[in-house]
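Biologist: I would like to learn how to read a few features of a protein model, taking the general idea before the particular case. Could we go through them one by one?

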Amino acid sequence: MSRRYQYILDLLKGFEIDYSGIIVDCGCGPGKGSKLLQDKGFNVIAIDIDKYVLRTAIENKVSNVQFGDLTSLSLLNEYVSVFFCSETLEHLTIKEYKKACEEIFRVVKKGGIICITVPKDKEVCLDNSNHKIWVTKENLLESFKECVLLVIGEFVKNLKKPHRSNLVMIFRK
């Protein structure tokens, strides 16, 4: 997972970004991406709805770990400078997805960055029994239409068949 986060940070080079504020890693899982961000000196809040993986994030030395639901974040309005939501939205229902996007928009500061990754291939996405929806580029463009699209990228998870990759979209609020 930390390779995906490094890929996103590389995509962001050249853009003016305020890394001095709060960076949220929502759907942090075992915290590998959060740890990478933390080790780079960022003030990271790692959030997940799975208490088991949060214990692993703590074991991985992620310093600020919180239990939380993406559809109802316990963060102040316009509090976050950079919001990572990687491999999370596809686990929600359509109703939850819409609420989650509203929450992300609510907590990110004006001028802040929203980094989203979702499975790129529909069949690969929906083949996973934990995935409830397939989120497309068009879905994300509609959900964050009040933001400026900075980057569209593709992160290749592995080169094995079937080809597994993620759509990466980065917005500025």
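Modeller: What follows takes up the cores, a strand pair, backbone angles and aromatic rings in turn, and the model is a predicted one.

Biologist: Let us begin with the interior. Which residues of the largest nonpolar core touch the most other members?

Modeller: The general idea is that, in soluble globular proteins, nonpolar side chains tend to be buried together. Here the largest nonpolar core has 30 residues, and L70, F83, L89 and L140 are the ones that touch the most other members. Two or more residues come from each of β1 (22-26), β2 (43-48), β4 (80-86), α4 (94-107), β5 and β7, and the largest share, 5 residues, is given by α4.

Biologist: What does L70 touch, leaving aside residues up to four places away in sequence?

Modeller: With those set aside, the contacts of L70 are C26, F83, C85, T88, L89, L92, A100, E103 and I104. Apart from this core lies another, of 18 residues, which includes I23, L37, C115 and V151.

Biologist: Turning to the strands, in which sense do β5 and β7 pair, parallel or antiparallel?

Modeller: As a general point, in a regular strand the side chains alternate between the two faces of the sheet. In this model β5 (residues 108-119) pairs with β7 in the antiparallel sense, over 7 bridges, and I113 stands opposite R172 of β7. Strand β7 spans residues 164-172 and is mostly covered, with 7 of its 9 residues buried.

Biologist: How should I read a positive phi, and where is K61 found?

Modeller: Most residues other than glycine have a negative phi, and that is the background against which a positive value is read. K61 has a phi near 70 degrees, although the residue is not glycine, and is found in the loop between α3 (51-59) and β3 (65-67). E87, also not a glycine, has a phi near 60 degrees, and is found in the loop between β4 and α4.

Biologist: Is each of these residues buried or exposed?

Modeller: K61 has a relative accessible area of 59% and is therefore exposed, whereas E87, at 14%, is buried.

Biologist: How many aromatic pairs does a search of the whole structure find?

Modeller: A pair of aromatic rings is described by the distance of the centres and the angle of the planes. The search of the whole structure finds 4 such pairs. One of them is formed by Y7 and F155, which are 5.6 Å apart from centre to centre with 50 degrees between the planes, and this pair is tilted. Because Y7 lies in helix α1 (residues 2-12) and F155 in strand β6 (residues 148-158), the pair ties together parts that are 148 residues apart in sequence. Y7 counts as partly exposed, at 23% relative accessibility, while F155 counts as buried, at 8%.

Biologist: What makes the pair of Y19 and F42 stacked?

Modeller: Their ring centres are 4.7 Å apart and the planes are at 25 degrees, so the pair is stacked. Y19 lies in the loop between α1 and β1, and F42 in the loop between α2 (32-39) and β2, so parts that are 23 residues apart in sequence are tied together by this pair. The relative accessible area of Y19 is 25%, which means that Y19 is partly exposed, whereas F42, at 15%, is buried.

Biologist: Which rings have the charged end of a lysine over them?

Modeller: The charged end of K51 sits over the ring of F67, at 5.0 Å from its centre. In another case, the charged end of K173 sits over the ring of F105, at 4.3 Å from its centre.

Notes
Residues numbered from 1 in each chain as written. Predicted model: local features only at pLDDT ≥ 70, side-chain atom pairs only at ≥ 80, totals over all residues. Heavy atoms only, no water. Buried < 20%, exposed > 50% of the residue type's maximum accessible area, 1.4 Å probe, protein only. Helix = DSSP H or I, 4+ residues; strand = E, 2+ residues; numbered from the N terminus. Pairing = 2+ DSSP bridges. Core = buried A, V, L, I, M, F, W, Y, C linked by side-chain atoms within 4.5 Å. Contact = heavy atoms within 4.5 Å. Phe/Tyr/Trp six-rings, centres within 6.5 Å; stacked < 30°, edge-to-face > 60°. Lys NZ or Arg CZ within 6 Å of the ring centre and 35° of its normal.
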